[in-house]
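Hi,

Here is the structure I promised to pass on. Have a look at it first, and then read on for what turned up.

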Amino acid sequence: MKKTLFWINLIAGGLLLIFAALSLFLPYRFTGATYQDAVEAREGWFYVDEKGQVTSRKADLHDFVDDNMREAVVSRTVEASDLGGGDLCFISTNITFKVYMNGDLIYEFEPDLKWYSGTSYGNMVHEVNLPYFVGESEIRIEAKKTADGMWAGFDRTFFQNSAQYLRGLLSDYFSKMVISFIIFLIGGILVVLALVFEFRTAQQTEAISIGLVAMVLALWSNSGTYMLETFASDLGLVRMLTYVTLIILPFPGLILILCAVRNPKSRSAWIIGLLAAANFVTHVVVLAAGWADYHDLLPFTHFVFILAVVLGVAEVIRAVRKKKIVERSQLVVLGTFSIVVITGIVDLISFYMGNRMDVARFTRVGLLFFIVFLSIHEIGQLIEISRKSSEAEIMNRLAHEDGLTGLENRMAFTEYERELAMRREGFALIIQLDINFLKKVNDGYGHAEGDRMIRGAAEVIHGSFGTVGRVFRTGGDEFIAVMEGGNEDELQSRYEKEEKHLQEQVGSFNEKENPVVPLSIAYGMAMYRCGSGNPEKQERLADERMYEHKKRIKKQQAVQ
């Protein structure tokens, strides 16, 4: 256990240091050869009418397919000397299109949307390679919205070398990406640490909830960095991931609050859990049937989120009134999480006011503060609980361990007896063992020599029966060994084998250790059917047989 925690903490600490160094010291502007300075390509376009004629009405690529139209065609004349070999680069959102140059089709984008994509693909990064030309050329774009009710257009539109464009894109969003990745990593580490600690407490549930909230929010906030959209092969999965994280977010968030106020069994958890599950199922059914898109169901998703916030606040107020918030750790959790909730509400308001390009702008900052401070606090709490748990484990072990021999003691055997009596099947072969002539050793050579003989006997008995069962020291010179099995014949065969092994071990001990009085062990056994009442009757039978064996040994000793 300790080694596991050591390596987990070592790896986690190393990763955190690496990413902290990246986020603090690595310049966000990637360096490299500049092939072509960016030329703004957003403006300078004109609409084309139904007859294919360029009109005098200006178009802005950012939103040239506005809310009043479903599709549009725009045109622009460019000078080769102004572009310097640059490509047409941009990010498209909820729009399919074709790009023509001097009447020739040079680029087409119309993805095959799976059912889980909804009616759109979200965002996609494009680098349209422009054929070599001299003088003037006309670039024409035919575009069509993927669905009504969503913003559609181009963003970050430039004539620029495609490699340099991607460098710039990664550069601009690098800090956001690093923040999201660090938050996800810390959340994952916190969940792993909470699961590794072998105990069941409210603290563990709280730590897992914090980790899950961090991971879910990190995935959601990463949607504004264009990293997944740049490299993903299936844009539908990226879009689904963004919305699914938002759907399930209220549940772990509320669980975290309930753990903090020490009320994890509240009905609020069931309410939000069922609503989140119903929301998810509704999305699956609606998308599979093609009835609507993710954005059409956003009001209900946001309703569940707001309801979770309201229920969470109500739980906190109730806890304050009942004076259940008395620990500093509770205030830390509630205080830091409230920052995430507030920044999330700010982003939600911003979304409905029309800012939909980066829907996690404020949440990302609040989340970073939340996960860094709270994770440090939670990891410290888990380590403290683990320390106390280890101390309790040590005390429990000492209470069940014989101090002289290291074998299990009488208390451990009493608990084991109850366990055997409660089983419904199987057999247990009970062996009573006793050291012969121990009083002679104690009286003639002292108790130190007697203890040496007891330790030697324990080693011999454990070396024989301890490898196939359990061995207990139940008194000064008394031991009990128990072997378990599925049937009597199997146990009898194993016992006979280990009985011979015991005799060999005794002989080997006397030869190597040369004790003042040769070690001699008497033993007797009895078979017990598990669950057939108290095993004491069979223990007495084994004890009687052991004393018969002891008498035979003493008789043989007297004859010699």
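The expected span of a helix is 1.5 Å times one less than its number of residues. Keep that in mind for helix α14 in this predicted model: α14 (residues 447-465) has 19 residues and reaches 26 Å from its first C-alpha to its last, close to the expected 27 Å.

What surrounds α14? Its buried residues include E449, G450, M453, I454 and F465, and the elements covering the buried residues include α13 (438-445), α15, β11, β12, β13 and β14.

Four of those names belong to a sheet. It is an open one of 4 strands, in the order β12-β13-β11-β14, with antiparallel pairing. At the edges sit β12 (470-473) and β14 (521-529), each of which pairs on one side only. From one strand to the next the twist averages 20°.

Within that sheet, β11 (residues 427-435) and β14 run antiparallel and are joined by 9 bridges. If you want a spot to look at, D434 stands opposite A522 in β14. Helix α15 (residues 488-513) packs on the sheet, where it touches β11, β13 (478-485) and β14. The direction of α15 makes about 165° with that of β14.

There is also a hairpin to look at. Strands β6 (residues 95-101) and β7 (residues 104-109) run antiparallel, with 5 bridges between them. M101 has D104 in β7 as its bridge partner. The hairpin has 2 residues between the strands, and N102 takes a positive phi near 55°.

Cheers

Terms used:
Residues numbered from 1 in each chain as written. Predicted model: local features only at pLDDT ≥ 70, side-chain atom pairs only at ≥ 80, totals over all residues. Heavy atoms only, no water. Pairing = 2+ DSSP bridges. Axes fitted to C-alpha atoms, helices over the stretch in contact; angles between N-to-C directions. Contact = heavy atoms within 4.5 Å. Buried < 20%, exposed > 50% of the residue type's maximum accessible area, 1.4 Å probe, protein only.
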